[in-house]
Amino acid sequence: MMKKLLIASLVAVLAACQTTNPDVIQRGDAQRLSQVQDATLLSVRPVTVDGSQSGAGAVTGGVVGAVAGGSVGGHREGLVVGVLGAVAGAALGNAVERSATKEDAVELLLQMRNGERRAIVQAKGAEVWQPGEPVILVTTGGRTRVMRAPAATNYQQPQYQQPQYRQQ
């Protein structure tokens, strides 16, 4: 019974976790048209995104604490210790969830091509940002991420040639 409860607790806590890493694209964003805007990176500042408190950690911790506390002593003591275990487990579960979902991020201050300035916070990815470098903002479904701008290429559109037909 205790094993099943611990496994269910672990699944609940992991289900509450999600990433905002700019290198990870959500399944629903695949094959969707995105808006792309050019900008210049003005500054980078490391920040921490506070962990979530969905309640899953508190519920899981409360259940585990109640079951563990309820198995102590006799019936009367088990009830008292079970209630105390539930309260302590809920507080601990909430703290664990909040800590587990906290992530390192960066705040990027950008200068748009039209002169407007924007700031965006995104999870720390593999990019190493340098102020002054060109970047692009990719917006899909209301979410925006910043990426290093691809190198410009001198693309020349192929010239159309009139087909030549043989005369018979």
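Accessible areas are computed by the Shrake-Rupley method with a 1.4 Å probe, and for residues only the protein chains shown count as cover. The model is predicted, so local features need pLDDT of at least 70 and side-chain atom pairs count only at pLDDT 80 or more, while totals for chains, interfaces and linings use all residues. Residues are numbered from 1 along each chain as its sequence is written, and side-chain values use heavy atoms, with hydrogens and water left out.

**Exercise 1. State how much surface the protein exposes, and what share of its residues is buried.**

Solution.
Step 1. The exposed area is about 12200 Å², of which carbon and sulfur atoms supply 56%.
Step 2. A residue is buried under 20% relative accessible area, exposed over 50%, and partly exposed in between (1.4 Å probe, protein chains only).
Step 3. By this criterion, 25% of the 168 residues are buried.

**Exercise 2. List the secondary-structure elements and derive the strand order of the sheet.**

Solution.
Step 1. Helices (H or I, at least four residues) and strands (E, at least two) are DSSP runs, numbered from the N terminus. The protein has 3 helices and 5 strands, and from the N terminus on they run α-β-α-α-β-β-β-β.
Step 2. Two strands pair if DSSP finds at least two bridges between them. Strand β1 (residues 35-49) is joined to β2 (residues 103-112) by 10 bridges in the antiparallel sense. Strand β1 also pairs with β4 (residues 134-140), again antiparallel, over 6 bridges.
Step 3. The result is an open sheet of 5 strands in the order β3-β2-β1-β4-β5, with antiparallel pairing. Strands β3 and β5 (143-148) stand at the edges with a single partner strand each, so one side of each has no neighbour in the sheet. The twist averages 45° from one strand to the next; the angle is taken between axes, which are lines fitted to C-alpha atoms (for helices over the stretch in contact), and runs from 0 to 180 degrees between N-to-C directions.

**Exercise 3. Locate A39 in the sheet and in the largest nonpolar core.**

Solution.
Step 1. A39 stands opposite V135 in β4 and opposite M112 in β2.
Step 2. Contact means heavy atoms within 4.5 Å. Leaving aside neighbours within four places in sequence, A39 is in contact with L110, Q111, M112, R113, E133, P134, V135 and L137.
Step 3. A nonpolar core is a set of buried Ala, Val, Leu, Ile, Met, Phe, Trp, Tyr and Cys residues joined through side-chain atoms within 4.5 Å. The largest one has 11 residues, among them A39, M112, V135 and L137. Strands β1, β2 and β4 each supply at least two residues of this core, and the largest share, 4 residues, comes from β2.

**Exercise 4. Explain why E133 and Q122 count as buried, and identify the backbone nitrogen that each side chain reaches.**

Solution.
Step 1. E133 is found in the loop between β3 (117-123) and β4. It counts as buried because its relative accessibility is 13%.
Step 2. The side chain of E133 reaches the backbone nitrogen of Q130 at 2.8 Å. Leaving aside neighbours within four places in sequence, E133 is in contact with A39, T40, L41, V128 and R148.
Step 3. Q122 lies in strand β3 and is buried because its relative accessible area is 6%. The side chain of Q122 reaches the backbone nitrogen of V146 at 2.8 Å.

Terms used
A polar contact is a pair of N or O atoms within 3.5 Å; within protein, one must be able to donate a hydrogen and the other to accept it, and residues adjacent in sequence count only if both atoms are side-chain atoms.
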